[in-house]
Each structure stands twice: as C-alpha cells, then as structure tokens.
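Me: I am new to reading structures, and I would like to learn how the terms are applied. Could you go through this one with me?

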Amino acid sequence: MRITGKYFFVNLFTRKDVITEQYPNNIDTLEMFDRFRGEITLYHNENNEHKCDACTLCVSACPNGSLEVFGDKEPDPETGKLIRYLVKHIYHLEMCTMCGLCIEACPQDALEWGQDFHHVQYDRSKLTKVLNKPGSKIMSKEKKKK
Amino acid sequence: MEEFLTDTLKTQEYFLNMGPQHPATHGVLRLLLKLDGEIIQNVDMDLGYIHRSIEKMCERDTYKQIVHLTDRLDYLSSHMNNEAVCLLVEKALNIEIPDRIKVIRTLVDELTRISSHVLWWGVMGMDIGALTTFMYGFREREMINDIFEETCGARLTMNYNVIGGVRYDLHENFVKRVKDFIVHFKKKLPEYDTLLSNNVIFRKRLEGIGYISKEDAVAYGLNGPAARASGVSCDIRKIHPYSAYDRAEFDEIIFTEGDSYARYKVRIKEMWESLRILEQLIDKIPEGEHRVKTKAVIKLPEGDYLQRVEAARGDFGVYVKSTGQKFPYRLKLRSPGFANLTALNKMTKGLKIADLVAILSTIDIVVPDIDR
Amino acid sequence: MILNIFTDIHNLLLEHMSGQAAHITELVLIAIAYLGIFAILGLFLVWLERRVAGFFQLRLGPNRVGPFGLFQTIADALKLVSKELTGTVKADKFLYGTAPYFVIVTALMAMALIPFSQEIQAFDINIGVFFLTSVSSVGVIGIFLAGWASNNKYSLIGGMRTGIQMISYELSVGMAIVTMVVLAGTLQISEIIEMQKDGWFIFKGHIPAIIAFMIFMIAGTAESNRTPFDLVEAESELGAGFHTEYSGMRFAYYFLAEFVNMFIISSVAVVLFFGGWLSPFGITDGIPFAGLFWFTVKVIGVIFLFMWFRWTFPRFRIDQLLTLEWKYLLPINLVNIVLMALMVWLGLTL
C-alpha cells in the first residue's frame with residue numbers, strides 16, 4: 001500500500017513519474033531513433049536522383065513478395081549498348097514484415113529505412129506505394145563512386 | 001453422511017466454455033471446463049486458433065529468410081528464437097563466430113528475458129486482481145524497448161540476429177543505457193516484492209495450488225521455470241551452454257515445492273540472475289567485427305540438425321532435416337508452452353475456476369507459440 | 001433568504017394550495033432533488049475514480065473532455081444511453097427488466113437518510129441507522145435477479161457469488177454499526193451527530209471504535225463489491241459477472257448504483273465515526289450550511305481510502321472470502337461489541 005500511495009501523492013502534485021505521452025498533441029516533436037524501421041524507401045538526393053538500376057536482387061531476397069520491380073532497356077548515350085533502367089519500383093506495404101533483407105541484398109545501396117510510422121489508411125490500395133519519385137533518374141556513375 | 005447428501009441433492013455437472021475471446025487466457029485459447037458447482041473435474045483444450053503454418057512457410061524460404069519468421073512465434077522472447085536458427089546454421093556450416101558477437105547476443109538475450117518476465121509479472125498481477133502491477137511492469141519494459149529500438153531498430157520483433165552475427169553494431173549509447181537500466185531495475189525489483197510477493201492475499205491465492213510433483217513434471221515434459229519449481233534441473237544455459245553463457249556466472253534456480261507460488265518465486269529470482277549476468281558482461285564486451293561474411297546462398301549439407309535454446313518460457317528447439325538444397329526439407333519447432341499446457345489438466349483437478357486462472361498465469365504461456 | 005430557504009419554500013407553497021397538496025408537492029420536489037443529486041454524484045464519483053486510478057498507475061486519467069476531463073462521464077453516459085437494449089432469448093423478461101430498479105430504488109432510499117449538513121436531512125426517523133442497513137439488504141435481490149434472469153451460466157455463477165458475499169458481509173457491517181450504537185445510545189442519525197459535538201466517536205470510544213472502524217471498512221468494501229472483493233466484476237475471470245447480459249441504460253443503472261453504494265457506505269462511516277457534518281474542534285459551528293463543506297471533505301477522504309484499497313490489493317477467492325467473514329470477522333465483531341459495552345458501562349470512554 002505504501003508504494004501505490006507514494007506514487008499517487010507524488011504524481012498528484014508534480015507529475016514526475018507519469019510515463020504516458022499525450023500522443024496526438026505531440027506529433028510534431030516526436031522523434032524516432034536512427035535505426036527505427038518504419039518503411040522501405042528509395043534514397044533520393046537533392047536532384048531527385050536515385051541509385052536503383054533494376055537488378056531485382058531485392059525482389060528475390062524478399063520472403064513474401066512485397067517488392068516488384070519493372071525495368072526496361074534503353075541505349076546508353078556514350079557506348080550505344082543497351083542498359084537497364086528503372087521504370088517502377090512497387091512496394092506493398094500491407095505485406096511487408098520489415099525484416100530488412102531487401103536492404104541488405106541491394107548491391108547499390110539504393111534502399112533504406114524510412115522513419116514514418118503513420119501507415120493507417122482507409123483504402124487498401126493506398127498501401128501499395130511506388131517508391132521512385134516521378135521524374136527521377138538514376139545517378140550517374142561518378143556521383144555513385146563518391 | 002456424504003453419500004446421503006450427494007444422492008439426495010443430485011447436483012449435475014455442466015460444461016463451461018472459456019472461449020477463444022477471454023481476458024484471462026493469454027491469447028486465443030479455448031478451454032472446455034467440466035464443472036461441478038465451482039469445482040473443476042476436467043479441462044479440455046482446443047488449440048489452433050492462431051495457427052499460421054510457420055513450419056510450412058519455412059519450407060519454401062531460404063535459410064536467411066527463415067530467421068524473420070521465428071520472431072513471431074513467442075514474440076516476447078523473439079531474440080532467443082532468432083538465435084536458435086542462427087546458431088543451428090552456423091554450427092552446421094562450421095562458421096567461427098568471434099567473441100564480440102557472442103557477448104552481444106547474450107546481452108540482448110538477457111534483456112529480452114527480463115522484459116518477458118516483467119510482462120509476465122504485470123499480467124499475473126492483473127489476473128489475480130491487482131490492476132496497478134500491469135502499469136508498473138510496462139514502465140520497465142519501456143526502458144528496455146527504448147534500448148532495443150536504438151540498437152536493433154524495432155521494439156518487439158527485433159530481427160537483429162542474422163546468420164553470421166548481428167545486423168548492426170552496438171549503438172554508442174547502448175552501454176550507458178543498459179547501466180542506467182540496471183541501476184533503475186535494482187531499485188524497482190524489491191518494490192515488486194513488497195507489492196505482490198509478500199502480500200497475504202496473494203500468497204493465499206497461490207500457495208498449495210496447482211501442485212505437480214517432480215516425477216509428473218518429467219513425465220509431462222515440463223520445461224522452463226515451471227519445471228524448475230518442481231525440482232527438475234533443465235536449464236539449457238547450464239546443460240548445453242551456447243553463446244557467452246559459459247563465461248558468466250549465474251545460478252540455476254530450483255525450488256522443490258512444485259506449486260504456483262514456487263513458480264512465481266522462480267521467475268522473480270531469474271530476473272535477479274539475469275541482472276547478474278548483465279552486470280558481469282556489460283563491461284567486458286570484446287572488440288571485433290559484428291558480422292561474419294557468409295556466402296550469398298546458404299546450403300546446409302545433408303543431415304539432421306538440432307539446436308536448443310533457453311527461451312524465457314522454457315526449452316525452445318529447432319530441428320532441421322536438410323537434403324542439401326537451399327530450402328530445408330523439413331523444419332520442426334519445439335515450443336516450450338505446448339508441453340507446459342498439457343500438464344494443466346493434472347494441475348487443476350479439484351480446484352476452482354479462480355485457481356485455474358491463477359495457474360494459467362503462473363505457467364506463463366503465449367498462445368502463438370503453441371499453435372505455431 | 002438563503003438561510004431559511006426551506007421554510008420559505010414551505011410558506012410559499014402553503015399560500016397557494018391546501019396543506020395536503022403542499023405536503024405532496026414538497027415530497028415531489030425533494031424526490032427530484034435527490035434524483036439530481038444521485039445523477040451528479042454518480043458522474044462525479046466515476047470521474048474521481050478514473051483520475052485517482054490514473055495517478056496510482058503512473059498515468060493521467062481522462063483529461064481531454066472538458067476541463068480536467070470532467071465531462072468524460074457525460075460522454076460515457078451518452079454512449080451507454082444510445083446503445084441497444086439487448087437481452088438473451090430465453091431470459092425471463094419481467095425479472096430481467098425489473099432487476100436494475102431494485103438497486104436504484106434502494107440506493108435512493110438510503111440516500112434520503114444521509115445528513116449533508118445540520119439543515120439538510122430528508123428523513124430523520126428515530127430508527128435511522130437500522131433503516132439504512134435493512135434497505136441495503138433489499139438491494140441484494142436486484143443482483144440475484146440479474147444473475148438468474150439472464151439465462152447465462154456466467155451470470156448465474158456471478159450472481160450466486162455476489163449474493164453470498166453481500167449477505168455474509170451485511171452481518172459484519174450491521175455489527176460494527178451496533179458497536180457504535182452501543183456507544184451512542186440512540187439509533188437516530190441527527191442525535192448521533194449531536195452526541196459527537198464534544199469529540200468524534202473514533203476518539204471517544206478508542207480501542208473498540210478503531211477496531212470497529214477497520215471491520216467496517218473491510219465489510220464496506222465487500223458490500224459495495226469492490227476489490228479486493230470484486231469477484232462480481234472479476235473481468236479477468238468470468239466476463240462481467242451478473243451484469244454480463246445487460247447493455248445500455250440498464251448497465252448504467254448497475255454501474256451508477258455501485259458508486260452511489262460506495263458513497264452511502266462512506267457517509268455512514270463518516271456519520272458514525274468521524275462526526276458527520278461537525279467541524280473539527282468546533283471551528284465553524286455557528287455558520288449555517290458550513291456542515292456541507294466538512295461533510296464533503298470527510299466523505300471524499302473515506303472514498304479515497306476505498307479507492308486506494310482497490311488499486312493495490314489482489315482479489316480474494318470466493319471460499320477465502322467467506323472464510324474471512326465467518327471465521328475471523330464475526331468472532332472479532334462479537335468480542336468487540338462486548339468490549340464496547342463494558343467500556344460504556346464502566347465509563348471508560350474519553
């Protein structure tokens with residue numbers, strides 16, 4: 001009885017031990033840790049360029065098929081050979097188990113963890129996300145080497 | 001006189017269904033009780049409400065992908081489940097694991113064990129009726145969850161072990177946070193004792209209830225803290241030491257009374273022992289790499305492999321039969337809760353419904369672990 | 001005008017109608033006033049319970065709806081009112097419908113005796129305390145009926161358990177009250193309070209009164225079905241006990257009646273042990289309606305003690321509960337009565 005009484009009287013006046021957070025009010029100031037696994041995102045730099053070249057290694061690494069990659073081939077302006085480029089990188093958030101195997105499998109380090117956790121939607125189709133932003137192109141090889 | 005009374009009163013036995021949705025069964029578990037008034041004559045269990053065919057899913061996944069599925073079995077000791085699969089593959093392929101990885105795995109293991117036992121304590125209080133213990137337990141778990149989130153990236157299903165080591169190196173705040181936690185927890189554990197363990201009402205609810213003798217415990221295959229309370233020595237950390245358990249000193253806790261209060265005391269003392277292990281290992285983390293490079297596609301040689309791990313609930317085992325391909329031919333998971341639950345019938349013969357709830361919470365089952 | 005409000009209303013009514021009609025109108029007005037007090041008390045106590053529970057459990061209680069969350073209970077009440085009044089198919093409809101009203105009516109009848117202050121007491125009968133206990137005994141019928149008429153095994157078990165519990169502990173409550181009546185010498189509530197003007201009973205009758213107070217608190221928590229004796233609402237065991245099959249407004253009746261019962265038991269404790277509406281050391285004895293303030297403070301103190309018990313202790317099992325009553329509390333009670341009688345006879349009271 002002593003213990004519950006102690007907590008009551010301390011909390012009544014100082015709210016020192018209260019561990020609840022007033023959630024909807026503090027959305028702006030809420031910070032997650034660095035390694036928090038929110039969702040999968042494709043890294044884009046300031047010029048809207050990503051690093052993915054549609055090798056589909058992430059698709060085979062995923063245990064339950066939450067990633068789909070569509071690529072196409074176009075001739076390279078310098079050498080004239082056909083090279084692959086990314087058309088669409090689809091991510092099914094509703095099936096992902098956040099295991100991180102795709103991020104480890106990518107040889108170009110294109111995928112990374114996002115910190116967003118507000119995934120609630122009313123409509124299931126909104127959970128299928130396209131990861132490459134519109135109008136983005138792959139980074140050229142010199143920038144990637146840096 | 002007794003026969004006269006029972007003949008003339010003509011009471012009738014009736015069935016009561018503690019259905020899948022029930023606040024007291026820790027998960028979706030259906031119990032069919034055959035009652036006479038309030039005395040339980042027989043308990044029948046109906047499992048399988050949360051069967052997700054994890055073993056079947058593991059047959060089509062490569063070994064690297066199996067690890068994330070075992071997280072979700074007994075989600076309160078998820079790190080230990082992952083460790084079982086990783087240790088099995090590493091032993092089969094004869095991969096040498098450096099010391100740093102072993103110590104990191106043991107540290108996170110013991111933190112998971114404390115977290116699981118604290119949740120057990122909170123829910124135990126709630127089942128018996130003292131509703132505040134739930135909140136106090138979660139306060140400690142929040143500290144541990146923060147530690148996990150910073151280092152592993154997730155709070156519950158951590159997926160931190162990979163074949164060949166751990167996924168990320170320890171965060172720089174890890175050691176400091178764990179030391180703060182040890183100091184904080186050492187002050188709070190005696191509070192737990194005052195709140196529940198020494199409470200007269202609590203002890204009267206638990207002493208003498210649900211007795212199971214040592215021979216019966218071995219016959220039913222009980223394991224974990226429930227068996228240690230009956231005198232059976234079954235701690236895998238002592239019998240087949242793995243990771244860094246052979247360099248930390250800790251005692252195996254055995255009581256001989258075999259009733260619910262003994263099971264309760266075993267778990268409280270295990271929390272103290274986990275703290276002891278943490279204290280010994282936290283200062284002596286060796287340097288080294290946190291991940292050993294393995295091949296991209298892992299194929300186990302043909303044969304059968306078994307790995308046992310002391311999860312928070314008991315003896316968790318993974319058995320793999322491999323035919324040389326990159327998928328296992330058959331994977332069997334031995335869950336600690338299954339055997340513990342089968343002994344429920346024996347423990348509750350002749351007791352009342354309130355005692356059934358108390359016993360169920362001292363056995364500490366997690367139903368997704370039972371119907372994998 | 002405020003000081004003589006009751007005689008003013010009385011004269012006002014007498015001017016406009018005959019004596020009989022005025023009397024009946026007064027009764028109706030008092031009944032409406034008490035219904036209002038019942039409702040407001042229910043709302044306030046539920047809010048208080050949730051806030052206090054929050055602070056015990058290291059969290060805040062409801063604090064969004066209204067200032068400090070005061071309107072939370074109104075929101076809950078609105079929700080309960082708008083629910084469908086379900087019932088099981090084979091339930092005995094007449095008994096099922098009338099069972100909640102038993103508890104409400106007995107709670108209201110008991111509330112009529114409570115002295116909120118020197119002037120405010122609706123029904124000052126000369127068998128005051130005895131009337132209170134007998135009325136609360138009738139309330140048990142409501143619970144039995146609810147358990148039986150729901151046609152549900154869980155409700156039946158819950159109803160039986162509660163019935164046994166309440167009947168057994170009324171004995172203890174009654175005998176603790178008898179102990180204090182031996183000290184007071186009268187059953188009438190206003191006279192009991194008058195006698196405490198030179199010292200509250202818990203100080204006057206020292207040892208037996210303190211033992212009687214402890215027994216009263218234990219038996220009082222059992223009477224109002226709170227932890228550690230709340231097998232009725234043992235949510236972790238049997239759904240919701242005898243009111244499993246009730247929903248909507250009928251459930252609200254039981255819910256409110258439990259809190260008002262707690263209030264009634266607290267006010268009986270305050271009247272018998274702590275001096276009712278008297279101020280400590282007679283500070284504000286001359287001021288009219290000041291007794292209301294002191295009464296409220298004391299009752300909230302005792303209610304806080306009840307809540308503290310609820311959120312600390314685990315629950316008893318039914319046979320342990322009955323063992324406690326019949327083997328421990330009852331003999332102690334009997335010995336206590338003899339002790340108090342001896343003290344009064346030998347003049348050893350303070």
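Me: How do you know that helix α2 of chain C has the span expected of a helix?

Reply: Helices here are DSSP runs (H or I, at least four residues), numbered from the N terminus, and strands are E runs of at least two. The expected span is 1.5 Å times one less than the number of residues. For the 38 residues of α2(C), residues 19-56, that gives 56 Å, and the end C-alpha atoms are 54 Å apart, so the two agree. This is a predicted model, where local features need pLDDT of at least 70, side-chain atom pairs count only at pLDDT 80 or more, and totals for chains, interfaces and linings use all residues. Residues are numbered from 1 along each chain as its sequence is written, while chains are lettered from A and ligands numbered from 1 in the order in which they are written.

Me: Why is N126(C) called exposed?

Reply: A residue is exposed if 12 or fewer other C-beta atoms, placed from the backbone, lie within 10 Å of its own, buried if 20 or more do, and partly exposed in between. N126(C) has 12, so it counts as exposed. You will find N126(C) in the loop between α4 (93-111) and α5 (128-149) of chain C.

Me: Which residues of α2(C) are buried?

Reply: They are G42(C), L45(C), W47(C), E49(C), R51(C), G54(C), F55(C) and F56(C).

Me: What does N126(C) contact, leaving aside neighbours within four places in sequence?

Reply: L187(C) and Q188(C). Contact means that the C-beta atoms, placed from the backbone, lie within 7 Å.

Me: How many residues of chain C are in contact with chain B?

Reply: There are 19, and they meet 24 residues of chain B. The largest share on the chain C side, three residues, comes from α10(C).

Key:
Two residues are in contact if their C-beta atoms, placed from the backbone, lie within 7 Å.
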